[in-house]
Amino acid sequence: NEVERRLKATTGTPLGDGLSNINFIGTTPLDANTKREGWAGKSWEFFNTSLSPFWNTTTAAIDFTDYCTRNSYTKIDYCAILLGTNIMSSDATISIILNALIAHNPSVKISVSGRILSTPFGGTGSVSLSNYQFFYKEVALSMEYNRRVEALIKNTFSANVVFVDILPGFDIMNNMQFSQVGANFRN
C-alpha cells in the first residue's frame, strides 16, 4: 500500500510522487485499493505449482502471458518479488519464475529482495528462536542464502533483475514489535 501511495499519490508524508503511468496488478488485494499477488507465508516453490495464480492449466506450467490474458492486463513491465523469508529456495526453483517473467516480456525489470531475519525474541514463524537457540545459525544461513541469490542474479539474470538486500536495513529489534503476555490456558 505504501509503495503505491508513494508512487501515485500527491499527498502524504513523505509526499507522493504523483505518477500516473503506473498500474498495480494482482488478484489478491489485501485491501480494496492496492492490487498485488500478496500471498503471506508462500515461497518460490508455491508459485511453481498449480495453486499459483500464474499457472496455465493447458500447458501445466507458470505462464505470465496467460495470467495477463485471463485478468485483462496488457503485460508486466516491472515485478517486485519478496520471497524467501520462510523457505530458502534453490537456484533452479528461483530461475523457473525469473525465466517465465523474461519469456513473457524480454524487457521486464524485476527486483528480488533478500531474506530477512526472524526476530530473536520469537513469534510468528520463529518460535524456536525464542531463547536465542538458533538465531546465530539463522544469521549465517540467511547471509549465505542472500549471497547465493545475489550471485544467481548477477551471473544469469543481470540484464533484467536486480537483487535488493533488505537485510542490512531491516531493524529486527524495532520493526517487529512484540509484547510479553500471559499464557492463555486454552492454548
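Rings of Phe, Tyr and Trp (the six-membered ring for Trp) count as a pair when their centres lie within 6.5 Å. Keep that handy for this predicted model.

**Exercise 1.** Work out how many aromatic pairs there are, and classify Phe-54 with Tyr-67 and Tyr-67 with Tyr-73.

*Solution.*
- Step 1: the pairing rule gives six aromatic pairs.
- Step 2: Phe-54 and Tyr-67 sit 4.8 Å centre to centre with 70 degrees between the planes. Planes over 60 degrees apart count as edge-to-face, so that's the label for this pair.
- Step 3: Phe-54 is in the loop between helix H1 and strand S1 while Tyr-67 is in helix H2, so the pair links parts 13 residues apart in sequence.
- Step 4: for Tyr-67 and Tyr-73, take 5.8 Å and 50 degrees, and you get a tilted pair.
- Step 5: check burial. Phe-54 and Tyr-67 are buried, and Tyr-73 is too.
- Step 6: zoom out. These rings join one aromatic cluster with Trp-39, Phe-46, Phe-47 and Phe-64. The charged end of Lys-42 sits over the Phe-46 ring, 4.9 Å from its centre.

**Exercise 2.** Find which helix supplies the largest share of the largest nonpolar core, and see what it packs against.

*Solution.*
- Step 1: the core has 30 residues, with Trp-44, Leu-98 and Leu-101 among those having the most contacts inside it.
- Step 2: H2, S3, H3, S4, H4 and S5 each bring at least two residues, but H3 brings the largest share, six.
- Step 3: the buried residues of H3 include Ile-94, Ile-97 and Leu-98, and Trp-44 touches those three, among others.
- Step 4: partners of the buried H3 residues include strand S4 and helix H4.

Notes: Residues are numbered from 1 along each chain as its sequence is written. This is a predicted model: local features need pLDDT of at least 70, side-chain atom pairs count only at pLDDT 80 or more; totals for chains, interfaces and linings use all residues. Side-chain values use heavy atoms; hydrogens and water are left out. Buried means under 20% relative accessible area, exposed over 50%, partly exposed in between (1.4 Å probe, protein chains only). Helices (H or I, at least four residues) and strands (E, at least two) are DSSP runs, numbered from the N terminus. Contact means heavy atoms within 4.5 Å. A nonpolar core is a set of buried Ala, Val, Leu, Ile, Met, Phe, Trp, Tyr and Cys residues joined through side-chain atoms within 4.5 Å. Rings of Phe, Tyr and Trp (its six-membered ring) pair if their centres lie within 6.5 Å; planes under 30 degrees apart count as stacked, over 60 as edge-to-face and the rest as tilted. A charge sits over a ring if NZ of Lys or CZ of Arg is within 6 Å of the ring centre and within 35 degrees of the ring normal. Lists of a residue's contacts leave out its neighbours within four places in sequence.
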